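Please consider the structure shown below. The exchange that follows sets each value against the definition of its term.

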Amino acid sequence: MYSSDTQIRVRYAETDQMGYVYHGNYAAYFEVARTEAFRQLGIRYKDLEADGVGMPVGEIRTRFRRPARYDDLLTVRLLLKQPAEGSRVLFEYEIYNEAKELLTEGHTLMVFVSTATGRPVPIPAEIQNKLAPYFSDDELVGPVTPAAQKLPAEAPAAAAFIPNKPATPTE
């Protein structure tokens, strides 16, 4: 398992009228944690993109337990509990305040895609090699873990995002 902590200070502009961090900002906090975790591993998004590989979000989930507020110093813990496989990697997150109270949990399922075609591609060998030391040999070559079995087989085709024509009414 790989774990990385990133600290983020809540800015006033990130809060809503109730003084809570606005829910939409958590996706950005997750992104900061992913980017910093990869940077700690020697992986830069900028280099991936230069090599023609993107990592769009295929799924995001956030569960709010307690609110974060202006000027809180948050620790965003990123966890990779299972190895990346195929064209996907599942990042899990826990966000704590300075009192070490769990405020938020979530995950993002990232899909490696060709920036030229938008289609899924295998996880680059460089990333596999940098993550491999954090997992046992059984995890790297064994059967898919139960959590991974629930993930979609691949990212939806581009056509999945094209709206269908409205049905013609029948009489």
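Q: What makes β1 and β4 a pair of strands?
A: β1 and β4 are joined in the antiparallel sense over eight bridges. Two strands pair if DSSP finds at least two bridges between them, so the term applies. Strands themselves are DSSP runs (E, at least two residues), as helices are (H or I, at least four residues), numbered from the N terminus. One of the bridge partners is Arg-77 in β4, opposite Asp-5.

Q: What do these values rest on?
A: The model is predicted: local features need pLDDT of at least 70, side-chain atom pairs count only at pLDDT 80 or more, and totals for chains, interfaces and linings use all residues. Residues are numbered from 1 along each chain as its sequence is written, and side-chain values use heavy atoms, with hydrogens and water left out.

Q: Why is Ser-114 called buried?
A: Ser-114 has a relative accessible area of 15%. Buried means under 20%, exposed over 50%, and partly exposed in between (1.4 Å probe, protein chains only). Ser-114 is therefore buried. Its place is in strand β7, residues 113-114.

Q: Which residues does Ser-114 contact, leaving aside its neighbours within four places in sequence?
A: They are Gly-52, Arg-119 and Val-121; contact means heavy atoms within 4.5 Å.

Q: How far apart are Ser-114 and Met-55 in sequence and in space?
A: Ser-114 and Met-55 are 59 residues apart in sequence and 8.9 Å apart in space, C-alpha to C-alpha.
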